[in-house]
Amino acid sequence: MKTTRRTVLQLAGAAGAALAMPTIITTRARAADKRIAMIVKNLGNSYFDACANGAKEAAKELGGIEIIYTASAKPTAEEQIAVIDAQIAQKVDGIIVSANDADALVPVGKKAAERGIKVMSFDSAIAPAGRIVHLSASSTPLIGAKQVQMIAKTLGGKGEVAILSAASTMTNQNSWIEAMKEEWKKPEYKDMPLVATVYGDDQDDKSYREMQGLVKAYPNLKGVISPTTIGIRSGAKAIVDGGLTGKVFITGLGLPSEMKDYVLAGACDTFAIWNPVEYGYSSTMIMADILAGKDTAEGSKLSMGKKGETTVGKDGEAVMGEPFEFNKTNVEEFAKVF
Amino acid sequence: MKGFVNYRELALGLILVVGVAAIGAYQPVFLAWENISDLLTETSVLFMMALAQMVVILTRGIDLSVAANLALSGMIAALVSQYYPDTPLLLMILAGVITGLVLGLINGGLIAFLGIPPIVVTLGTLAVYRGMIIIIAGGDQVNASEMGAAFQAFPKQVLLGLTSPVWIAIGVSILFWVFLNLTRAGRGLYAVGGNPVAARYCGIDQKKQEMLAYSISGAVAGLCGYLWVARYGVAYSEIANGYELTVIAACVIGGVSIGGGVGSVAGTLLGALFLGIVMTALPVLQISPFWQMAISGAVILAAVVINARAEKRPEKLILPEARRIGRVRA
């Protein structure tokens with residue numbers, strides 16, 4: 001099971017590893033009151049580098065916090081456990097982890113807790129027993145609703161819309177599509193019917209063909225939602241190549257670096273994905289709250305700094321917010337980041 | 001020249017015509033010129049890849065590394081375009097072709113001179129070539145915005161209603177036909193696969209023929225690598241993942257015998273066209289995705305069964321085959 005964003009990013013990670021990176025790199029500032037280790041899946045991954053930048057931003061804003069950004073070269077649980085162990089030995093105050101394995105990290109999480117070190121996860125969760133809080137970038141209802149809202153804004157709420165998904169068997173894709181349909185029930189979308197759901201299997205060529213097929217099978221098609229980074233870029237390319245710019249618009253979940261050209265060409269008006277800088281920032285803010293001794297029981301509120309507050313849900317799970325929107329005004333800037 | 005179109009190819013062609021007519025009756029937009037042009041463009045890579053694979057299969061071999069080769073060559077071409085955007089387009093394409101050729105030579109060398117079975121060699125190089133993409137590109141992908149404009153514009157250029165990949169596929173097909181039917185080396189491929197012992201007695205160098213076959217396969221994969229990357233606007237390690245199976249399926253449907261020695265350019269092109277139609281028709285027909293896979297598979301099986309039945313006839317006529325080999329000797 002692959003999540004669309006992660007597939008791309010893990011590739012990037014795997015490559016970093018292949019480049020014979022040193023096993024552990026730690027960035028360290030001067031001694032501070034509190035030290036927080038941000039341990040991500042692997043090194044050489046620009047997505048996590050962006051998260052770390054957000055974390056450092058939060059540390060600067062809060063003051064008195066040092067961020068130690070580190071990871072293993074390979075995205076495996078074994079190597080990650082060694083890195084966490086090293087940080088426990090360094091007696092950091094808090095650890096923020098993007099887990100390579102939810103269950104395998106539970107023992108090391110417990111070990112840290114025994115030594116008084118606070119552990120939370122972001123991006124990819126540790127099972128509840130091994131951490132205090134997990135911050136999800138977004139939630140299924142928010143992701144689903146956001147995409148319908150984006151296409152409605154682009155089309156002015158009028159015109160046929162289709163969904164171009166990854167594989168018909170992917171759980172996350174299907175739950176997002178369910179969430180979209182839930183949003184679609186609202187009366188403001190009555191002139192914007194969903195006419196088809198097609199599957200590009202997260203392959204560029206198949207997604208491209210599915211997009212070509214859609215515009216032929218539905219001559220009145222105005223918009224397409226693609227909740228996968230591969231689907232949205234291939235669909236956008238098919239729009240540009242087919243001379244359909246301005247007639248059909250695509251939106252969904254995409255990466256700024258891949259979508260830049262298509263946004264500037266006009267095939268895509270807006271798209272969304274969680275902003276890694278904000279993600280690292282919010283995680284650090286929450287960790288600061290935890291270190292300050294704030295309650296983390298279900299229903300309690302934690303601060304995410306300028307991103308507002310989040311409420312801790314069942315099993316210590318919290319949600320950052322709706323996906324971050326990209327358009328002509330900011331896509332070029334973020335394309336440099338991820 | 002004799003046997004350019006045989007019974008099997010006629011049957012396959014007929015199925016295609018009936019199939020296209022049926023799809024067109026249900027969804028007239030399928031027969032629109034725009035759709036046919038899209039279909040041919042989408043299938044052009046498969047045409048060439050299938051022909052190259054046929055050459056390998058003729059020698060009783062198989063090349064499983066073609067899709068990985070395509071992805072790696074495409075990546076090299078894309079990297080050239082990214083870092084040396086002023087390079088003439090022809091040189092960028094050539095970078096892909098030469099990469100593919102070198103990768104093909106590696107396959108050929110391992111198979112011909114070390115005597116390792118082709119399926120093992122190419123299964124290994126498949127993984128190696130895919131891994132190389134990650135190493136060479138540092139794990140990054142090359143996006144549309146990083147490739148040059150000319151690099152990406154070429155596959156979209158239209159001449160007399162057909163896009164450049166279609167013209168390239170036509171040119172490559174003609175070359176293959178001439179090579180396989182009119183040249184000594186081309187006929188040698190049939191001989192080596194049809195009856196290796198007899199071929200040896202005829203003085204045909206099997207190693208040379210195998211090297212030739214895998215080099216052709218590699219070079220064509222390299223060319224297609226450029227076309228693929230430029231067309232879809234992205235190069236990374238996962239492109240065309242599993243595509244080798246589509247290519248082999250096209251050959252099998254087109255009547256190429258996995259046992260070697262049997263196969264024609266026309267049949268292989270029809271086999272590729274058949275799969276191309278299936279791939280492009282299903283989205284246009286808006287068939288439920290849950291059925292698409294099953295339908296594709298069933299259609300392939302049906303085609304192979306029909307082919308196998310058709311193949312029984314020429315099997316009885318041993319003499320023309322013998323004559324063909326005899327012609328090589330002469």
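# Exercises on a predicted two-chain model

In chain A, an open sheet of 4 strands is arranged in the order E7-E6-E8-E9, with parallel pairing. The structure is a predicted model. The exercises below begin with this sheet.

**Exercise 1.** Identify the edge strands of the sheet in chain A and state the average twist.

*Solution.* Step 1: an edge strand pairs on one side only. Step 2: in chain A, this applies to strand E7, residues 194-199, and to strand E9, residues 249-252. Step 3: from one strand to the next, the twist averages 25°.

**Exercise 2.** Describe how strands E6 and E8 of chain A are joined, and name the residue opposite Glu160(A).

*Solution.* Step 1: strand E6 of chain A covers residues 160-165, and strand E8 of chain A covers residues 221-226. Step 2: the two strands run parallel and are joined by 4 bridges. Step 3: the residue opposite Glu160(A) is Leu221(A), in E8(A).

**Exercise 3.** Determine which strands helix H8 of chain A lies across, and then examine the length and burial of helix H7 of chain A.

*Solution.* Step 1: helix H8 of chain A, residues 229-241, lies across E6, E8 and E9 of chain A. Step 2: the angle at which H8 runs to E9(A) is about 170°. Step 3: helix H7 of chain A, residues 204-217, has 14 residues. Step 4: from the first C-alpha of H7 to its last, the helix reaches 20 Å, close to the 20 Å expected at 1.5 Å a residue. Step 5: H7(A) is mostly covered, as 13 of its 14 residues are buried.

**Exercise 4.** Locate the largest nonpolar core with respect to the domains of chain A.

*Solution.* Step 1: the largest nonpolar core has 205 residues. Step 2: among the residues with the most contacts inside this core are Met38(A), Ile95(A) and Ala50(B). Step 3: domain 1 (4-137 + 276-321) and domain 2 (140-273) of chain A both give residues to the core, so the core lies between them. Step 4: the centres of these two domains, taken over C-alpha atoms, are separated by 32 Å.

**Exercise 5.** Summarise chain B and list the residues that Ala50(B) touches, leaving out those up to four places away in sequence.

*Solution.* Step 1: chain B contains 14 helices and 4 strands. Step 2: of the 330 residues in chain B, 51% are buried. Step 3: among contacts in chain B with a separation of 6 or more, 79% are between residues 24 or more positions apart. Step 4: with that exclusion, Ala50(B) touches Val247(B), Ala250(B), Cys251(B), Gly254(B), Thr268(B), Gly271(B) and Ala272(B).

Methods
Residues are numbered from 1 along each chain as its sequence is written. Chains are lettered from A and ligands numbered from 1 in the order in which they are written. This is a predicted model: local features need pLDDT of at least 70, side-chain atom pairs count only at pLDDT 80 or more; totals for chains, interfaces and linings use all residues. Two strands pair if DSSP finds at least two bridges between them. Axes are lines fitted to C-alpha atoms, for helices over the stretch in contact, and angles run from 0 to 180 degrees between N-to-C directions. Two residues are in contact if their C-beta atoms, placed from the backbone, lie within 7 Å. A nonpolar core is a set of buried Ala, Val, Leu, Ile, Met, Phe, Trp, Tyr and Cys residues joined through C-beta atoms within 7 Å. A residue is buried if 20 or more other C-beta atoms lie within 10 Å of its own, exposed if 12 or fewer, and partly exposed in between; C-beta atoms are placed from the backbone. Domain bounds come from an automatic or database domain assignment. The expected span of a helix is 1.5 Å times one less than its number of residues.
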